[in-house]
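User: Could you take a close look at one part of this model for me? I would like to hear how the strands are put together and what lies between them.

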Amino acid sequence: MATLVMLGACGSEPEPQATAPAAPEQAKPAVAAAPKDETANFARAVGDGKPGAAVNIRYEFSSKPTLGVPTELDVVFIPSAGVDSMDAKLGGMEGITLAGTLIANFAPVEAGKPYHHKISVLPDRTGVFYITASVNTQIAGSALNRTFSIPFVVGNVAAQQKPTPPKDDKGESIKSMPAEESSEPKR
């Protein structure tokens with residue numbers, strides 16, 4: 001049986017795959033890497049609570065805000081689909097001074113593309129502060145306005161403590177109870 005197999009193998013033509021030189025592997029086309037989100041580590045601004053904001057805002061300070069030291073703030077506006085243009089106005093509160101151009105205009109815009117605007121923030125005292133960003137977006141000829149807050153802390157701010165409850169003449173805490181409504185007199 002082994003002899004028959006050997007004889008059959010001798011008389012047959014070699015398989016074309018075995019004698020043909022191996023074809024060089026074709027280089028695979030490079031897959032374009034997804035663009036890195038440059039704002040992934042930025043904080044998100046707090047919206048006004050209304051649904052349907054046509055823009056997201058992220059921000060980053062160049063360093064921790066410090067009393068009496070100007071710090072650069074990078075505010076990034078990221079429009080949603082359908083937004084044609086954006087106008088933003090930045091404002092501060094008592095205790096901070098904003099410097100630079102406080103109005104930004106972006107037209108035309110692309111959905112999902114970040115639009116940067118930088119200003120300088122100078123804290124005049126320690127505390128918790130907010131910068132407001134009022135953004136007006138144009139969508140197919142209609143205007144949509146939303147306000148966002150950019151919170152930050154300057155210095156060491158003590159955590160607020162719950163107020164101590166009032167005490168009666170014996171020194172015991174008075175516990176507030178919810179009001180009860182009744183049409184019957186209490187007995």
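**Strands and core**

Analyst: Happy to! Let's begin with strand 6 and its partner: strand 6 and strand 8 (residues 115–123) run antiparallel and are joined by 4 bridges. Keep in mind that this is a predicted model. Within that pairing, Ala99 sits opposite Ser120 of strand 8. Strand 6 itself, residues 96–99, shows two faces: Ile96 and Leu98 lie on the covered one, while Thr97 and Ala99 lie on the uncovered one. That fits a general pattern, in which side chains of a regular strand alternate between the two faces of the sheet.

Now to another set of strands. An open sheet of 5 strands follows the order 2-10-9-5-7, with antiparallel pairing. Strand 2 (46–47) and strand 7 (103–106) form its edges; each has a single partner strand, so one side of each lacks a neighbour in the sheet. Inside this order, strand 9 (residues 127–139) pairs with strand 10 (residues 142–154) in the antiparallel sense through 13 bridges. One example is Thr132, whose bridge partner in strand 10 is Ser149.

What about the nonpolar core? The largest one has 29 residues, and those touching the most other members are Ile57, Leu73, Phe77, Met86, Val121, Ile131 and Phe152. Strands 3 (55–61), 4 (71–79), 5 (85–91), 6, 7, 8, 9 and 10 each give two or more residues to this core. Phe152 is a nice place to zoom in: beyond its neighbours within four places in sequence, Phe152 has contacts that include Phe61, Pro65, Ile96, Val121 and Ile131. Ile96, as noted, belongs to the covered face of strand 6.

Conventions
Residues numbered from 1 in each chain as written. Predicted model: local features only at pLDDT ≥ 70, side-chain atom pairs only at ≥ 80, totals over all residues. Heavy atoms only, no water. Buried < 20%, exposed > 50% of the residue type's maximum accessible area, 1.4 Å probe, protein only. Pairing = 2+ DSSP bridges. Core = buried A, V, L, I, M, F, W, Y, C linked by side-chain atoms within 4.5 Å. Contact = heavy atoms within 4.5 Å.
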